[in-house]
Amino acid sequence: MKNIKKDFPIFEKNPGLVYLDTTATSLKPRVVIERLLDYYQNFSANVFRGIYKISEKATAAFEHTREITAGFINAGQDEIVFTRNTTESINLVCYALGRKLISKGDEIVVSIAEHHSNFVPWQQLAFENGGVFKILPVNEQGILVQDWEKVITARTKILALTYVSNVLGTINPIKEIISTVRRIKKDIIILIDAAQAVSSIKIDVKELDCDFLVFSSHKMLGPTGVGVLYGKKDLLEESFPFMYGGEMISRVEIEQSIFQPPPHKFEAGTPAIGEVIAFSAALEYLQKLDLKKIKRYLSDLGRSVFNTLKDEFGENIKILGPADADQKTSIFSFSFYNFHPHDIAQILDEQNIAVRAGHHCAMPLHRFYNLGASVRASFYIYNDENDLKALIEGLKRVIKILS
Amino acid sequence: MDIYREIILDHYKNPRNYGQIKDADIKAQGDNPLCGDKITVYAKVSEDRLYDVSFQAEGCVISIASASIVFENIKGKRVDDILSMGRDEVEGLLRVKLGHNRIKCAVLALKTLQQALAEKKKKE
């Protein structure tokens with residue numbers, strides 16, 4: 001997007017940086033860094049405890065982020081829990097609700113394309129409680145195979161599904177999926193991993209009718225250390241606490257403890273106060289840019305990336321996931337000739353191009369494609385055609401060195 | 001420091017001591033599940049000396065080249081001396097400094113061999 005690099009201070013110190021790893025974590029705009037500094041320099045007090053001014057200010061700013069986050073996905077304020085990251089949000093649901101929901105023979109359904117964080121917690125829950133762990137496949141093009149009448153049975157209690165695959169970039173048609181699944185079984189618990197979606201797709205949790213939706217601040221221009229868990233109010237009320245400690249208590253006696261209502265029931269201990277406060281700047285920044293415009297920009301750039309890579313390297317580059325730019329976000333995982341992904345990434349790094357090499361925390365999916373690892377280049381709002389050109393030149397250099 | 005120097009690439013493209021040793025008394029497999037690298041090492045040991053060693057592998061430039069360079073260097077050495085080698089020695093032989101992630105590729109061959117040598121020693 002035009003002139004946007006100037007909003008990101010990292011490019012001042014490192015003007016040649018070609019950053020193609022937003023899927024791992026996004027860069028941070030100046031407004032976010034400034035708000036973080038503002039807290040640490042001017043009102044770095046704890047929240048909810050102090051009667052003094054700077055604590056009141058910190059508490060108000062902290063809760064203001066909750067309000068903005070709720071508005072961002074059309075949730076109620078008491079339906080927004082702050083965690084450390086997406087992984088913790090999923091583990092929280094798995095522990096606080098999953099444990100009491102799953103008994104012997106009950107089914108949990110996930111897709112083969114899940115990040116380990118939305119795969120392993122459910123797998124382990126099924127093992128521990130004697131449940132059945134069911135896997136939805138994708139086809140060769142990386143599109144989810146939808147056979148819900150067969151998959152969802154009377155025993156299916158939980159469906160945990162990613163909105164956008166962190167490897168394939170595939171956008172799952174979540175709204176249609178949820179409505180289909182609910183037609184078959186109304187009371188199934190549905191958790192959506194929106195970590196790769198929320199920075200470029202407008203989400204309305206009421207319209208989606210998911211029970212839980214999880215994402216991370218740091219993948220959407222905000223600070224690290226802040227995750228979001230949206231949960232329907234009645235389900236949050238019904239869930240166990242996840243951790244015990246300060247902040248989540250309303251009364252403690254030797255005989256018993258009474259917990260706060262959600263969301264504070266799930267926020268034991270001092271949270272990442274400055275980071276939560278600065279997260280609001282990221283949300284405001286995204287709102288100002290407009291997610292619809294971001295999506296359009298990334299679709300156009302993504303189409304160009306796909307076509308250019310194919311034009312340049314033909315059969316020697318194998319891009320995982322759908323070819324149609326409308327079915328995916330601007331995430332491109334690929335194998336290139338028979339070169340090792342680590343070598344490709346390292347040679348690109350010598351040219352100041354940051355890509356990811358590995359299995360991207362999705363080993364079952366890589367096994368499905370019979371790959372040990374792949375290279376992943378992901379594009380976001382601060383990337384443009386020049387970054388694409390740099391990537392192409394970089395890959396040509398890889399061929400020159402390794403052939 | 002350039003990792004992809006001529007000498008490293010030469011060892012990658014034409015690895016020394018590559019293949020099986022038919023009458024090996026050590027055969028061990030190692031892998032790096034993070035990137036799918038796999039290696040099988042073969043060795044012959046006599047009187048506490050490694051007098052033959054070879055490998056077969058799938059992996060990145062660093063893992064193949066380091067197997068080739070390290071094995072070329074340690075052939076004929078005393079088992080105890082090989083067991084005491086570590087990251088510094090491997091980086092010294094490759095003449096590169098590697099980061100936290102890449103060092104695992106570089107030491108895969110040596111670690112796999114060391115583990116097998118240590119087990120053999122324990123049995124004897």
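**Chain B, its contact with chain A, and two places in chain A**

Let me begin with chain B, where, among contacts between residues at least 6 apart in sequence, 64% join residues at least 24 apart. I should say at once that this is a predicted model, and that every value I quote is computed from it.

Staying with chain B, the secondary structure comes to 5 helices and 3 strands, and if you follow the sequence from its start you read the pattern α-β-β-β-α-α-α-α. For the overall dimensions, the C-alpha atoms fill a box of roughly 40 × 25 × 25 Å along the principal axes. Chain B has a radius of gyration of 14 Å, which agrees with the value near 14 Å that a compact globule of 124 residues would have. Of those 124 residues, 44% are buried.

Now to where the two chains meet: 9 residues of chain B are in contact with 11 residues of chain A, and what classes of residue does the chain B side of this contact have? On that side there are 7 nonpolar and 2 polar residues, with no charged residues.

Turning to chain A, I would like to look at an open sheet of 4 strands, which has the order E11-E12-E15-E14 and antiparallel pairing. The twist in this sheet averages 30 degrees from one strand to the next. Strand E11, residues 317-319, and strand E14, residues 356-358, each have a single partner strand and stand at the edges, so one side of each is left without a neighbour in the sheet. As a reminder, strands of a sheet pair through backbone hydrogen bonds, in either a parallel or an antiparallel manner. Here E14 and strand E15, which covers residues 374-378 of chain A, run antiparallel and are joined by 3 bridges; within that pairing, A:Arg356 has A:Arg376 in E15 as its bridge partner.

The last place is A:Ile158, which lies in strand E5 of chain A, residues 156-162. Is this residue buried or exposed? A:Ile158 has 25 C-beta neighbours inside 10 Å, and because the cut-off for a buried residue is 20 or more, A:Ile158 counts as buried. Leaving aside residues up to four places away in sequence, A:Ile158 touches A:Gly98, A:Leu101, A:Ile108, A:Trp122, A:Ile188 and A:Ile189. A:Gly71, by contrast, is 87 residues from A:Ile158 along the chain, and the C-alpha atoms of the two are separated by 26 Å.

Notes:
Residues numbered from 1 in each chain as written. Chains lettered and ligands numbered in written order. Predicted model: local features only at pLDDT ≥ 70, side-chain atom pairs only at ≥ 80, totals over all residues. Nonpolar A, V, L, I, M, F, W, Y, C, P; charged D, E, K, R; others polar. Pairing = 2+ DSSP bridges. Helix = DSSP H or I, 4+ residues; strand = E, 2+ residues; numbered from the N terminus. Axes fitted to C-alpha atoms, helices over the stretch in contact; angles between N-to-C directions. Rg over C-alpha atoms; globule rule 2.2 N^0.38 Å. Buried ≥ 20, exposed ≤ 12 C-beta atoms within 10 Å, placed from the backbone. Contact = placed C-beta atoms within 7 Å.
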